[in-house]
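Trainee: Could you walk me through how to read the features of a protein model? I would like the general idea each time, and then the case at hand.

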Amino acid sequence: MDTKTILDEAKARFNHNSAKSYLKDKYDSKFIIADQNGLWRANPEIINFLNYSSDEYVILIDNFDNPVKVDRNILLIKLSNTYRSVMEEWYNEWKELESKR
Amino acid sequence: MSRGALLFAFNSPKYNYYDMAVATAKRVNHFLDLPVTLVTDSESLPVKQSYQFDNIVMAPADKSNKRDWGLWFNKGRYRAYALSPYDETILLDTDYMVNSDKLLKTFDLPTDFCCHNKTSFLMHPNLPQEVLSIHSFDTLWATVITFKKTTRARDIFDCLEMTQNNFQHYGNIHGFVSSTYRNDYGLTLATRIANGHTSPIEDYIPWNLLHVGNNTKVYRNDDSEFNTEYTVLFDHWNRGKIRKEYITIKNTDFHMMMKDNFMELISE
């Protein structure tokens with residue numbers, strides 16, 4: 001029996017809250033990258049900091065609460081790319097989910 | 001530097017863990033591109049094998065454990081360190097459904113040992129984290145453990161053996177029911193002991209382990225061998241009535257707590 005038939009027979013309703021929560025869990029993990037001996041989460045705050053700093057090397061506290069000296073440009077590129085691609089993926093899956101309303 | 005996955009599979013009267021391990025190994029090969037070593041015993045290993053593991057390590061099962069649904073041969077996980085042929089190993093439960101390459105990230109973490117300390121349940125977004133008891137620690141999860149061959153990782157597995165052998169004693173101290181041995185509880189205690197009674201944040205995989213738990217059933221959206229899209233159906237109990245709810249998921253790893261459902265998912 002295919003899943004559509006199973007859902008029809010069960011008269012099941014799509015649960016948006018659970019789907020939203022699942023998506024958050026799924027994509028939260030994708031923002032995390034390891035680079036230059038530190039663990040980072042790609043978010044607007046760290047990307048903005050790296051973007052506005054002019055030093056070649058900066059010291060940041062990573063996700064494990066360790067201070068890590070990093071090449072600013074390399075980390076900026078990696079985090080920006082990660083943020084952009086994950087947000088796009090998340091947005092597209094969210095739109096797909098919204099269409100089930 | 002060799003990398004691979006390690007699975008333990010000891011058949012119980014109720015469940016064929018060997019079959020689960022074959023299905024999981026195929027997905028590990030496909031999504032993670034890693035070889036898989038199986039730890040099993042002669043009773044679980046079929047005469048005719050349809051799948052070629054990278055290695056098969058024969059080790060006797062400790063059959064002294066049981067849980068509500070019957071015998072459960074989960075003891076001896078501490079042997080993973082000694083039995084793994086790889087420099088870097090992902091030790092997985094056989095009922096972990098690999099649907100992505102996410103686990104490869106655990107190799108990049110700046111640590112020699114990590115496991116999950118946080119979980120989420122599909123269809124139960126706000127469930128609290130499990131604890132050993134209200135007087136004790138948050139539970140760590142032995143479902144996924146990535147380790148390197150270092151002295152510290154060996155110490156943790158040595159402590160896991162010690163906590164397994166003295167499980168009742170630790171149950172008394174921490175106030176949990178010790179009649180059924182759980183690797184999760186053993187691991188929670190072992191990592192703390194090996195780390196000088198601290199809990200280094202580096203030992204934790206930085207995302208949640210996704211469980212599929214009670215009243216939840218997962219269906220494959222298509223019958224291809226490496227399907228990654230599923231429909232999750234949930235019985236929502238409210239004032240004595242069931243309301244059926246569902247979501248669809250894709251490209252997401254999850255841990256099936258309901259073994260019967262896992263067996264259905266992997267059946268041809």
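Mentor: Gladly; we will go through sheets, cores, the interface, salt bridges and backbone angles. Keep in mind that this is a predicted model.

Trainee: Let's begin with sheets. In which order do the strands of the open sheet that includes strand 7 of chain B run?

Mentor: Strands of a sheet pair through backbone hydrogen bonds, either parallel or antiparallel. Here, four strands of chain B form an open sheet in the order 7-15-11-9, and the pairing is mixed. Strand 7 (96-97) and strand 9 (119-121) of chain B are its edge strands, each pairing on one side only.

Trainee: In which sense do strand 7 and strand 15 of chain B pair?

Mentor: Strand 7 and strand 15 (residues 254-256) of chain B pair in the antiparallel sense, over two bridges. Within that pair, B:Met97 stands opposite B:Phe254. Helix 7 (residues 259-266) of chain B lies across both strands, and runs at about 115 degrees to strand 15 of chain B.

Trainee: Which strands make up the open sheet that includes strand 14 of chain B?

Mentor: That sheet has the order 1(A)-14(B)-13(B)-12(B), again an open sheet of four strands with mixed pairing. Strand 1 (13-14) of chain A and strand 12 (216-220) of chain B each have a single partner strand, so one side of each is left without a neighbour in the sheet. Strand 1 of chain A pairs with strand 14 of chain B in the parallel sense, over two bridges. There, A:Phe14 has B:Tyr246 as its bridge partner. Helix 2 (residues 16-30) of chain A packs on this sheet, touching strand 1 of chain A and strand 14 of chain B, and its direction makes about 35 degrees with that of strand 14 of chain B.

Trainee: Now the cores. Which residues touch the most other members of the largest nonpolar core?

Mentor: In soluble globular proteins, nonpolar side chains tend to be buried together. The largest nonpolar core here has 79 residues, and those touching the most other members are A:Trp40, A:Leu79, B:Phe53, B:Leu92, B:Leu122, B:Ile247 and B:Phe254. Helix 1 of chain B gives the most to this core, with ten residues. A second, separate core of 32 residues includes B:Ala80, B:Ile145, B:Cys159 and B:Phe167.

Trainee: B:Phe254 came up in the sheet as well. What does B:Phe254 touch?

Mentor: Leaving out residues up to four places away in sequence, the contacts of B:Phe254 include B:Asp95, B:Tyr96, B:Met97, B:Leu210, B:Val212 and B:Leu265.

Trainee: How should I describe the interface, and what is the area buried between chain B and chain A?

Mentor: The size of an interface is often given as the accessible area lost when the parts come together. For chain B and chain A the buried area is about 2,600 Å², with carbon and sulfur atoms giving 63% of it. In residues, 31 of chain B are in contact with 27 of chain A. The rule finds one salt bridge across this interface, and the side chains of B:Lys250 and A:Glu96 meet in a salt bridge at 3.3 Å, N to O.

Trainee: How many salt bridges does the structure hold over all chains?

Mentor: Side chains of opposite charge can pair when their charged atoms come close. Over all chains, the structure holds 21 salt bridges. One of them joins B:Arg3 and B:Glu88 at 3.4 Å, N to O. B:Arg3 sits in strand 1 (residues 3-9) and B:Glu88 in strand 6 (residues 88-92) of chain B, 85 residues apart.

Trainee: Is B:Glu88 buried or exposed?

Mentor: B:Glu88 is buried at 5% relative accessibility, whereas B:Arg3 is partly exposed at 32%.

Trainee: Which parts does the pair of B:Lys259 and B:Asp95 tie together?

Mentor: Their side chains meet in a salt bridge at 2.6 Å, N to O. B:Lys259 lies in helix 7 of chain B and B:Asp95 in the loop between strand 6 and strand 7 of chain B, so the pair ties together parts 164 residues apart in sequence. B:Lys259 is buried, with a relative accessible area of 9%, and B:Asp95 is buried too, at 3%. In chain A, a network of salt bridges links A:Lys24, A:Asp28 and A:Arg41.

Trainee: Last, the backbone. Where is B:Asn251 placed?

Mentor: B:Asn251 lies in the loop between strand 14 (241-250) and strand 15 of chain B. B:Asn251 is not a glycine, yet has a positive phi of about 55 degrees. Its relative accessible area of 34% makes it partly exposed.

Methods
Residues numbered from 1 in each chain as written. Chains lettered and ligands numbered in written order. Predicted model: local features only at pLDDT ≥ 70, side-chain atom pairs only at ≥ 80, totals over all residues. Heavy atoms only, no water. Pairing = 2+ DSSP bridges. Contact = heavy atoms within 4.5 Å. Axes fitted to C-alpha atoms, helices over the stretch in contact; angles between N-to-C directions. Buried < 20%, exposed > 50% of the residue type's maximum accessible area, 1.4 Å probe, protein only. Core = buried A, V, L, I, M, F, W, Y, C linked by side-chain atoms within 4.5 Å. Buried area = accessible area lost by both parts, 1.4 Å probe. Salt bridge = Lys/Arg side-chain N within 4 Å of Asp/Glu carboxyl O.
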